[in-house]
Amino acid sequence: MKLPKVVTIAGSDPSGGAGIQADLKVLTQFGVYGGAAVTALTRQTSAGVLGLFPLPAEWVLEQVRDVLWDLRPPVVKTGMLQQPGVIGGLGRLWGEYVREYGKTGAHVPYISPSAEPVPSAPVLVVDPVLSSGTGVSLLAGGGLEAFREDLLPVTTVLTPNVPEAEALTGIAIRDSDDMVGAAERLLQFGVQWVLLKGGHLPEWEGVRIADLLISREERRWLWGQRVPGADLHGTGCSLASALAACLALGLPVPEAAARAVEWLRQRIGSPLFVGQGRGVVCQKL
Ligand code: PLP
């Protein structure tokens, strides 16, 4: 049997609604095996981030190397990378991993001869986390430059929200035309696909909102209904993990994005209120 696998590279959220804890729960719900390399510890509750303790960049990169060379996941997902040294180092490590994966084959030791062929190149899903939903910075100085120079050129699917796309491109986004402009700019940095999440756009508050999926050849709007009153924790991490899971299950990017967005919309409609703060979407009980 083919064993779908994703490794997430992200921060720890002890309240379990975001970060690696959320990523692993989402992967499990999709029937995908998850590994996790931790970039930083946070002190955090369901109400917000209280503190950040980054691990040394070299040590983070050694963790990533160890686990990629061992598990050989066809899909890797990044969340809070936090330090420019981690972002830049991962960009360089990714090139090495692509070559290694091409030599030895994905998770070939784990599949039967009758299984479908695995992707010939591994896929990198990057959620360019800048800050928490409550406004705490989760990216150190120099991080944007490191994204643009080292990680975007090797990214398969980038999943920014509007503030993240604005910060990466310098383009102010007010409407759907600006979304297209910013997404096209992100493609110019070398990203293969951009899933630009439109949920922050105030003009669309209370009405239909759309996410934009774009590549050099394709452009699709993923329409949905905003769920009233939703102030939730971990939506970005959960969406990127759902997308990574669908890619590991063999779906092409447009189908994987549509399925992940639809899954998140359902989860937003029935969050779990696990603590004193915001509801979480990463798990269904
Ligand atoms: N904590 C960690 C470790 C994260 O990676 C993120 C977002 O990516 C957050 C907290 C913030 O989550 P939210 O914006 O949903 O509060």
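Colleague: Which elements each supply at least two residues of the shell around the ligand?
Modeller: This is a predicted model. In it, 19 residues surround the ligand. The elements that each give at least two of the shell residues are β1 (5–12), β2 (33–45) and α7 (235–248).

Colleague: Which element gives the most to the shell around the ligand?
Modeller: Two strands and a helix each supply at least two shell residues: β1, β2 and α7. The top contribution is three residues, and it comes from α7.

Colleague: Which residues are the closest to the ligand?
Modeller: The ligand is surrounded by 19 residues. Five of them are listed as closest: Gly11, Gly19, Met80, Ser132 and Gly133.

Colleague: By class, how many residues of the shell around the ligand are polar?
Modeller: Take the other classes before the polar one. Six shell residues are nonpolar and one is charged. The polar residues number twelve.

Colleague: In which sense do β1 and β2 pair?
Modeller: The two strands share seven bridges. One pairing joins Thr8 to Ala36 in β2. The sense of the β1 and β2 pairing is parallel.

Colleague: Which helix makes a β-α-β unit with β1 and β2?
Modeller: The unit is right-handed. Its strands, β1 and β2, pair in the parallel sense. The helix spans residues 19–29 and is α1.

Colleague: How many residues lie between β2 and β3 in their hairpin?
Modeller: β3 covers residues 48–54 and pairs with β2 in the antiparallel sense over six bridges. Thr45 stands opposite Gly48 in β3. The number of residues between the hairpin strands is two.

Colleague: Which residue in β4 does Val7 stand opposite?
Modeller: β1 pairs with β4 in the parallel sense, over four bridges. Across this pairing, the residue opposite Val7 is Val76.

Colleague: Which residue in β5 is the bridge partner of Thr78?
Modeller: β4 also pairs with β5, residues 123–126, in the parallel sense. That pairing has four bridges. The β5 partner of Thr78 is Val126.

Colleague: Do Val75, Lys77, Val76 and Thr78 of β4 count as buried or exposed?
Modeller: Val75 and Lys77 point one way from the strand. Val76 and Thr78 point the other way. On either side, these residues are buried.

Colleague: What is the phi of Arg72?
Modeller: Most residues other than glycine have a negative phi. Arg72 has a positive one, and it lies in the loop between α2 (57–71) and β4 (75–78). Its phi is near 50°.

Colleague: Why does Arg72 count as buried?
Modeller: The cut-off for a buried residue is 20 or more other C-beta atoms within 10 Å. Arg72 counts as buried because its C-beta neighbours inside 10 Å number 21.

Colleague: What is the positive phi of Gln82?
Modeller: Gln82 sits in the loop between β4 and α3 (84–104). Gln82 is buried, with 24 C-beta neighbours inside 10 Å. Though Gln82 is not a glycine, its phi is positive, at about 75°.

Colleague: Does Arg99 count as buried or exposed?
Modeller: Arg99 is in helix α3. A residue with 12 or fewer other C-beta atoms within 10 Å is exposed. Arg99 has 10 such neighbours, so it counts as exposed.

Colleague: How many Å apart in space are Arg99 and Pro122, C-alpha to C-alpha?
Modeller: In sequence, the two are 23 residues apart. In space, C-alpha to C-alpha, the distance is 9.6 Å.

Colleague: What separates the C-alpha atoms of Glu58 and Arg174?
Modeller: Glu58 is in helix α2. It is exposed, with 11 other C-beta atoms within 10 Å. Arg174 is 116 residues apart from Glu58 along the chain, and their C-alpha separation is 39 Å.

Colleague: What separates the C-alpha atoms of Glu255 and Leu243?
Modeller: Glu255 is found in helix α8, residues 253–269. Glu255 is exposed, with 12 other C-beta atoms within 10 Å. Leu243 is twelve residues apart from Glu255 along the chain, and their C-alpha atoms are separated by 9.3 Å.

Colleague: Over which residues does pLDDT stay under 50?
Modeller: The protein chain averages a pLDDT of 91, and 90% of the residues score at least 70. The stretch under 50 has 13 contacts beyond four places in sequence. It covers residues 107–117.

Colleague: What ipTM does the model score?
Modeller: Two scores are given for the model. The pTM is 0.93. The ipTM is 0.92.

Definitions and conventions
Residues are numbered from 1 along each chain as its sequence is written. This is a predicted model: local features need pLDDT of at least 70, side-chain atom pairs count only at pLDDT 80 or more; totals for chains, interfaces and linings use all residues. A residue is near a molecule or strand if its C-beta atom, placed from the backbone, lies within 6 Å of it. Ala, Val, Leu, Ile, Met, Phe, Trp, Tyr, Cys and Pro count as nonpolar, Asp, Glu, Lys and Arg as charged, and the others, Gly among them, as polar. pLDDT is the predictor's confidence in each residue, from 0 to 100. Two residues are in contact if their C-beta atoms, placed from the backbone, lie within 7 Å. Two strands pair if DSSP finds at least two bridges between them. A crossover is right-handed if, with the strands pointing away from the viewer, the path from the first strand over the helix to the second runs clockwise.
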